[in-house]
Amino acid sequence: MPSQFFGLNIAYTGLLASNAALNTTSNNIANVQTEGFSRQQVTTQAANALRVFQTYGCAGAGVETLAIERVRNEFYDFRYWNNNDKVGEYSQKQYYMQQIESYFHDDGENAGFKTVFDQLMITGLQELMKNPNNNSFKEQFVGYAEALTEYFNNVSGNLEKLQKDVNEEIKVKVDEINTIANEIASLNKQINTIEYKGVHANELRDRRTLLLDQLSEIVDVEVKQTKISDTNNPNRETGGTRFIVKIAGGQVLVDGYEYNGLECVSRSSDQKVNQTDVDGLYDVKWSKTGAYFSLHSAAMGGALKGLVDLRDGNNGEGFTGLIKDFGTDPDTNKQTVTVQVDKHYLTDLNKCNLSDSGGVVSLGNKNYYYDSWTYSVSYENGEPVYSYTFELSDDPELNTPEDLDPGILGTRTGLKATVGDSISYQGVPYYMAQMNEWMRTFSQKFNDILTGGFAGDQKGIALFTANMTMDNKQYYFNNYSDETSDEYLKRVDEMLAAQNIDATDAANQDKVKEVCLAALSDYRYDMESLDAYNKRVAKLEAANTKYNLGMDANAINEAAQLTIKVGKTAETGQESYYLMTAKRFDVSQTLVNDPSRLATKKKEGDGADQNDLLEDLKDLATNKGVMSFRGSSASEFLQCILADVALNTSRAETFYSSYADISYNIETQRISISGVDEDEEAVNLVKYQNGYNLASKMIQTLTEIYDRLILQ
C-alpha cells in the first residue's frame with residue numbers, strides 16, 4: 001500500500017518536469033536568432049507504476065524527465081550538404097566567368113578584338129592598298145598591328161592576374177578547411193566527454209553541424225558516425241561516438257579527435273603544367289604524410305572544385321600518350337623517354353600548351369621531372385607518327401638515380417604517360433591556349449604572305465614575332481617549306497662561307513654534315529605533311545651528293561624527320577611558332593623602325609604602286625580556305641571565344657540559381673523542424689506555466705491535507 005505522502009511525490013515530479021520544460025522554452029526563446037541553433041524539447045515519460053495490491057492493481061507514480069534533446073532531422077542535413085557543394089562550386093564559376101567575359105567584351109568604347117582587328121585588316125589595309133608605296137600609310141598599318149599585339153598582351157595579363165587571384169583563393173579555402181577540421185575534432189572530444197554519462201551535448205552538436213554546413217560549401221562532405229563499444233563488454237553502451245568527416249570523394253579529413261591538416265605548396269618554375277601558367281601555382285598536400293591531396297578528383301565538389309576548374313581547366317586537353325621507348329641523349333647523357341601521341345591538340349604545335357620550362361611527366365603513375373622536350377614527326381607507310389621525347393632531369397633531388405635506372409625505366413614501356421590532368425572545364429589555360437592557337441596560325445599565314453613578296457627591290461620580312469622570355473630580343477620564324485633543293489644548297493654554301501668551312505676538304509666532312517642538318521632543321525613548323533617531309537629528303541639527297549656526306553638512305557630518312565626542341569635547355573631562335581604566346585606576341589622591331597620594308601607586291605620587278613600581295617592579306621581575314629580557326633575565318637575569333645565564355649557564364653548562373661533555390665527549400669524544411677518559432681514557443685510557455693501552476697496547486701492541496709492529518 002502506498003504511503004500517505006505518495007501524492008506529494010507525484011506532484012513533485014510534475015513540478016520538476018514543468019520546470020524543466022519552462023527552462024527549455026526560455027532557452028529556445030533566447031536563441032531564436034542564433035545561427036545554427038536547434039529547437040530543444042524535454043522528453044518525458046510516465047514513471048513506473050507502483051503495485052499496491054488493491055483491486056485497482058497499480059497506482060501511477062508521476063512523470064520521469066528523461067532528457068533535453070534537440071529537435072533535428074539528419075536526413076535534411078545530409079541533403080543540405082550534398083546540395084551545398086554545388087552552390088559553392090557554381091558561385092565561384094559564376095563570379096569569375098563574368099570577369100573573363102568582360103575581358104573579351106567589345107562594346108565599341110573599349111577597344112576589343114573586333115575593333116583592333118578591323119582597324120588592321122579593313123581600315124589600315126584599305127588605306128595601304130590605295131597608296132602601297134607610301135611610308136606614312138605603312139607606318140600606320142604597322143601601328144594597327146601593334147594595337148592588335150597589345151590587345152592580346154593585355155588580355156593575357158588580365159587572365160594571368162585572374163589565375164593568380166584564383167590560386168590565392170584556393171589557399172584561403174584550404175586554410176578554412178583546416179580551421180573547421182580543427183574545431184570539429186575538438187568538438188568531437190568535448191561531445192564525448194559530456195555524453196558518456198548519457199547527457200545530450202545539444203549546443204556542441206549544433207555548433208558541429210553549423211561547421212559542416214560551412215565546410216560543405218567549400219568542398220563535398222561525407223559524414224559517418226558510429227558508436228564506441230566496450231571491447232570487454234560489447235553490449236554495454238559507452239555513450240561515446242566516433243565521428244568521421246571525409247571530403248573530396250572520400251579522403252579522410254577528421255577521424256574522432258584527430259584531423260588531417262592540408263597545406264599549399266607552390267610549384268617552382270620548372271614544375272609548370274601549362275606553357276601559359278603563372279609561376280607559384282599551389283599543389284595541396286596532407287600535412288602529416290606529405291601525400292598529394294587530389295585536387296582534380298572527379299568526385300570533388302564545392303567552391304574548391306570551382307576554383308580548381310577555373311585555374312586549371314583545359315577542356316579535357318591534357319597531355320597524354322603511350323610510352324614507346326627509352327634512351328640516352330648523346331649530347332647531355334641524360335635519360336630520355338619517347339611518348340607517341342595522337343590527340344589533335346598535340347599533333348599540331350599551334351594548339352599545344354605543354355610547359356616549355358620543364359615540368360613533371362607521369363610515366364605509368366610514377367612522376368618524373370623533365371628539363372625539356374623534343375617534338376618529332378616521322379612517317380611509317382606514308383602515315384605520320386607524332387611523338388614527344390622528354391629529357392629527364394638528372395638532379396638527384398628531383399629524380400633519384402634508382403628511378404633513372406634504364407632497367408627500371410624499360411619496364412614502363414607501353415604504359416600511359418601524362419602531364420598534369422585532363423580537366424573537362426574551360427578555365428584560364430583553355431582561353432590562353434585558344435588565343436595562342438589563333439595568333440600562331442594567323443601570324444604564320446600573315447608572315448608567309450609578306451616573306452613571299454617584296455618591298456621595292458628587297459625581300460619581304462615577317463611582321464609578327466614573339467619576344468624572348470629572358471633576353472631583350474625577338475624570335476625570327478623562318479619558312480623554308482617551299483624552298484627548292486637548289487635554293488637549299490645555296491643557303492648551305494652561305495652558311496659554310498660564314499663559318500670559314502672548306503667543303504672540299506675531306507677532313508671537314510663532319511662539320512659540313514652538321515651545317516647541312518642545321519640548315520635543314522631551320523624550318524618553321526606548319527602542319528607537317530608528307531610532302532614537306534619528302535622535300536627535306538630531296539634536299540638531303542642533293543647535299544649528300546654535292547658534299548659527299550656518306551649518308552645512306554636510312555640515315556637520310558631519319559635525319560629528314562621534323563624535330564623541334566623546346567625547353568629551358570633549348571637554344572634561342574627556335575623555328576616553331578609554339579614559342580609565340582599572347583604574353584610574348586609582338587611586332588617585328590625591324591618594321592617598327594623602318595616601315596618601308598613592309599612588302600606590298602609579289603614580284604620584285606613590279607612597279608611601286610603594285611598591291612597584289614595586299615589582296616592576299618585582305619583575303620586572309622575572311623577566307624576560311626586560307627585560314628580556318630575552329631571552322632571559322634580569322635575575323636570570327638571573337639565570336640568563337642565569346643560563344644565559349646557566354647555558354648559557361650550562362651551555365652554557371654543557371655546552375656547556381658537552381659542549386660541555390662534547392663538549398664533554400666531544404667533549409668526551409670530544416671527550419672520547419674529545427675527552427676525556433678516564436679508563436680509556438682509562446683503557446684508552450686503558457687502550456688508549461690499552467691502545468692507548473694497545477695503541480696504547485698496540487699502540492700498546496702496536499703499540504704492542507706497533511707496539515708489536517710498530522711496536526712488535527
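This is a short talk on the aromatic pairs, the nonpolar cores and one surface patch of the structure above.

Okay, hi everyone. Before anything else, keep in mind that this is a predicted model. I'll begin with the rings.

The count of aromatic pairs comes to 37. Let me pull out one of them, F113 with W438. Their ring centres are 5.2 Å apart and the planes sit at 90°, so we call that pair edge-to-face. Now, where do the two partners come from? F113 is in helix α3, which covers residues 113–130, while W438 is in helix α9, residues 428–451, so this contact ties together parts that are 325 residues apart in sequence. And are F113 and W438 buried or exposed? Both are buried.

Stay on W438 for a second, since F442 also pairs with this residue. Here the centres are 4.7 Å apart and the planes are at 10°; with anything under 30 degrees counting as stacked, that makes W438 and F442 a stacked pair, so this geometry isn't edge-to-face. Both residues belong to helix α9, and they are four residues apart, about one turn of the helix. F442 is buried, just as W438 is.

Zoom out a bit, and ring pairs link a whole cluster. W438, F442 and F113 are in there, and other members include F117, F141, Y151, F152, F446, F464, F585, F629 and F637.

A couple of rings also have an arginine over the face. R208 lies over F243, at 3.7 Å from the ring centre. R670 does that with Y80, at 4.1 Å from the ring centre.

On to the packing. Which residues touch the most other members of the largest nonpolar core? That core has 156 residues, and the answer is F104, F152, Y388, F390, W438, F442 and F464. As for helices, α4, residues 135–195, gives the most to this core, with 20 residues. There's also a second, separate core of five residues, and among them are F6, A47, V52 and A61.

Last stop, the surface. F5, L709, I710 and L711 make a nonpolar patch of about 440 Å². I710 is part of helix α17, residues 678–711. Its relative accessibility is 56%, and the cut-off for exposed is over 50%, so I710 counts as exposed.

If you open the model afterwards, W438 is a good place to start: it pairs with F113, it stacks with F442, and it's one of the residues touching the most other members of the largest core. That's me done, thanks.

Technical notes
Residues are numbered from 1 along each chain as its sequence is written. This is a predicted model: local features need pLDDT of at least 70, side-chain atom pairs count only at pLDDT 80 or more; totals for chains, interfaces and linings use all residues. Side-chain values use heavy atoms; hydrogens and water are left out. Rings of Phe, Tyr and Trp (its six-membered ring) pair if their centres lie within 6.5 Å; planes under 30 degrees apart count as stacked, over 60 as edge-to-face and the rest as tilted. Helices (H or I, at least four residues) and strands (E, at least two) are DSSP runs, numbered from the N terminus. Buried means under 20% relative accessible area, exposed over 50%, partly exposed in between (1.4 Å probe, protein chains only). A charge sits over a ring if NZ of Lys or CZ of Arg is within 6 Å of the ring centre and within 35 degrees of the ring normal. A nonpolar core is a set of buried Ala, Val, Leu, Ile, Met, Phe, Trp, Tyr and Cys residues joined through side-chain atoms within 4.5 Å. Patches are made of residues with over 30% relative accessible area and no salt bridge: like charges are joined within 9 Å, nonpolar side chains (Val, Leu, Ile, Met, Phe, Trp, Tyr) within 5 Å. Accessible areas come from the Shrake-Rupley method with a 1.4 Å probe; for residues, only the protein chains shown count as cover. A salt bridge is a side-chain nitrogen of Lys or Arg within 4 Å of a carboxyl oxygen of Asp or Glu.
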